[in-house]
Amino acid sequence: MCGIIGYGGFREAGPVLLQGLLLLEYRGYDSFGIAVDGGDRLHAIKRVGRISDLPNDKPLFPSLASDGEKNWHVGIGHTRWATHGPPSDKNAHPHYDCTGKIAIVHNGIIENYHPLKEQLIRDGHSFSSDTDSEVIAHLIEEAYFEKKEEGPIPKRRLAEAVEIVTGKIFGSYAILVTAVGVDEIVAVRSSGPLVLGIGDSEFIFASDMLPIIEYTNRVVYPDDGDIVCVTNSGYHIHRKGDGKRALDSRSEAERKEEYPITVLSLTLQQVKKGGYPHYMLKEIYEEPEVLYQAVHSLTPDTIPQILLDEDYITVVACGTSYHAGMIFAHLLEAMSEKIVKLEIGSEFKYAHSPVRGVLLTISQSGETADTVAAVRRGGCFNRETVAITNVLGSSITREADHTLLMHAGPEISVAATKSFIAQLGVLLQMVNIMSGEICGEELSHVHKAIVPILSLSYDAAVDICAHSEHMFYVGRGVFYPVVMEGALKLKEISYIHAEAYAAGELKHGPFALLSPETPVVAVCLPGPSYAVMTGNLKEIKARGAPLIVLGDPHAPELIDIADCIIPIKHEGMMTDIITTSVALQLLAYYVAVKLGRDIDKPRNLAKSVTVE
Ligand code: F6R
């Protein structure tokens, strides 16, 4: 969570930073800030709220306007998802040292900040925020300045001071630092995402490539512990463990060899809304293409051999990705001899048993702290690790032995939609390959079945849901995780409380809550559990709960009991999983539209959960 950005180049830094932060807002959006080096002092904006609230009819920093002569501009920025201290102007980044000459932005958590802060206070430092991050600025002050009567004087290079500080802090972080008059940005990461874009006489650091592609498609991914500096003479990477080797002693050729420049194929158009009212809707409409790509990216030749050889698979993921893992586990165990153990990322570290078999992790962002930690835990047990992710170069791709990309393209809306469908594409194809391609033919056409779902009318169902405070979602077998994901989508973007149950479980307690005020959404398609499922729906209806069914609109047994049927044609297990999932995403979307919610940036959330 949180997005960071840094710019060094010939353009005015402030507008570049704010423009970039808008693209990073999906990572956190309760407050934001930027600091730009004005030569004699830092000019800053730190605000609670959204960047779009900032008036755009005035120059950002009027006193910098006369600075037109300057040909090298430096600044850093941050968009926040609060962890330590509530959203407020004072807790917004950048944070400063006591002299006000050093500014930092930080994504992640400094786990030992408390004792460090106490010591710094004893040493005479005063703090302006409740954040863990502010200690970084004060520690750099200690390492960088010598305090003289006439004022603080730098005693070493800023990059060296930052390196000293990395020896004192622990946790997960990506940090950018600048100081008055140095015309330099220093960056360091430890398990936090950070990319450096290398343009023509300009450089841009960011938490991901989205703000970078407007300026360049050439990027470098620094490793944990590397100290990266950009100045008007270029960029320098000081590799962890290089000891006292001068930061810029490495030749250009040496640097390129160690840090290959990746050329991104992403275009600016791919990250724009393209006429849709929300990114979420755009991303749902991309699902047919995304699913096709995901399914066809995996073949018996590209699947890691270990997945074919091992009989035991441990799957770890969080949130939506966990639901994709549930569907995979259900189908693979049904269609092969393999045993799948599924774990929630945040609970995996408490498991007492050793990690067994091959470890498979699923993560759209590739940055979810608990899922990345799971890969490391797998490594500790000498397990081979496979990561399914959407982001090349993300932390998980560096930790895992094998990476399978889901090819969904950038997902901007906080609620995962197309990435879930892409995960299913990869995972269902894996099931086919690992079980001897029982229904490979069905999967190769399944993307076409999404198209009619996009144009269904959801109005009647939306009317029922939008007036409720509480709802239930029910399904059986493989449709239980499908409705879990549907309920998650509804609650996160509409703020309606929605609980998912295996349909048979509802009468073991939750029935007490059923009333005309608690609509129930059910997936009921032909299959082995159809008869018992329709029986469950009758029981629900008898308790007065309004019933929305995803099923056959012509089935008399459904017409009898449903208040509304979202028509889904039964075509086969894999197709049905996809079509019902898409329909539930659209239902959640249209309910949230009706309620006027902030769909792409729901309250209290962030897209990439980089803290445990
Ligand atoms: C829900 C959602 C989250 C993520 C979860 C894991 O719409 O997006 O539940 O699925 O935070 O994220 P990744 O897949 O990036 O590890």
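Student: How many residues surround the ligand, and which are the closest?
Tutor: In this predicted model, the ligand is surrounded by 15 residues, and the closest of them are S321, S363, S365, T368 and E492.

Student: What mix of nonpolar, polar and charged residues is in that shell?
Tutor: The shell around the ligand divides into 6 nonpolar residues, 7 polar residues and 2 charged residues.

Student: You listed E492 there, so what does its side chain do with the ligand?
Tutor: A polar atom in the side chain of E492 is placed 2.4 Å from an oxygen atom of the ligand.

Student: And which backbone atoms come up, say for T320 and Q364?
Tutor: For T320, a polar backbone atom lies 3.0 Å from an oxygen atom of the ligand, while for Q364 a polar backbone atom lies 2.7 Å from an oxygen atom of the ligand.

Student: How much of the ligand does the protein bury?
Tutor: Taken alone, the ligand exposes 410 Å², and the protein buries 90% of that area.

Student: Okay, and which pocket is that space?
Tutor: The space that the ligand takes up is the largest pocket.

Student: Which helices supply residues to the shell?
Tutor: Helix 9, which covers 319-335, and helix 16, which covers 479-494, each supply at least two residues of the shell around the ligand.

Student: What about domains, which ones does the shell draw from?
Tutor: The shell draws at least three residues from domain 2 (273-444), and it likewise draws at least three from domain 3 (455-612).

Student: Changing topic to the backbone, is the peptide bond from H93 to P94 cis or trans?
Tutor: The peptide bond from H93 to P94 is cis, and its omega is near 0°.

Student: Where is P94 found?
Tutor: P94 is in the loop that runs between strand 4 (73-80) and strand 5 (95-96).

Student: One last residue: is phi of S201 positive or negative, and where does S201 sit?
Tutor: Phi of S201 is near 60°, which is a positive value in a residue other than glycine, and S201 has its place in the loop between strand 11 (195-198) and strand 12 (202-206).

Notes:
Residues are numbered from 1 along each chain as its sequence is written. This is a predicted model: local features need pLDDT of at least 70, side-chain atom pairs count only at pLDDT 80 or more; totals for chains, interfaces and linings use all residues. Side-chain values use heavy atoms; hydrogens and water are left out. A residue is near a molecule or strand if one of its heavy atoms lies within 4 Å of it. A polar contact is a pair of N or O atoms within 3.5 Å; within protein, one must be able to donate a hydrogen and the other to accept it, and residues adjacent in sequence count only if both atoms are side-chain atoms. Accessible areas come from the Shrake-Rupley method with a 1.4 Å probe; for residues, only the protein chains shown count as cover. On a 1 Å grid over the protein atoms alone, a cavity is a set of points where a 1.4 Å probe fits but cannot get out, and a pocket is an open set with protein on both sides within 12 Å along at least five of seven lines; lining residues have an atom within 4 Å of a point. A molecule sits in a cavity or pocket if more than half of its atoms lie within 2 Å of its grid points. Helices (H or I, at least four residues) and strands (E, at least two) are DSSP runs, numbered from the N terminus. Ala, Val, Leu, Ile, Met, Phe, Trp, Tyr, Cys and Pro count as nonpolar, Asp, Glu, Lys and Arg as charged, and the others, Gly among them, as polar. Domain bounds come from an automatic or database domain assignment.
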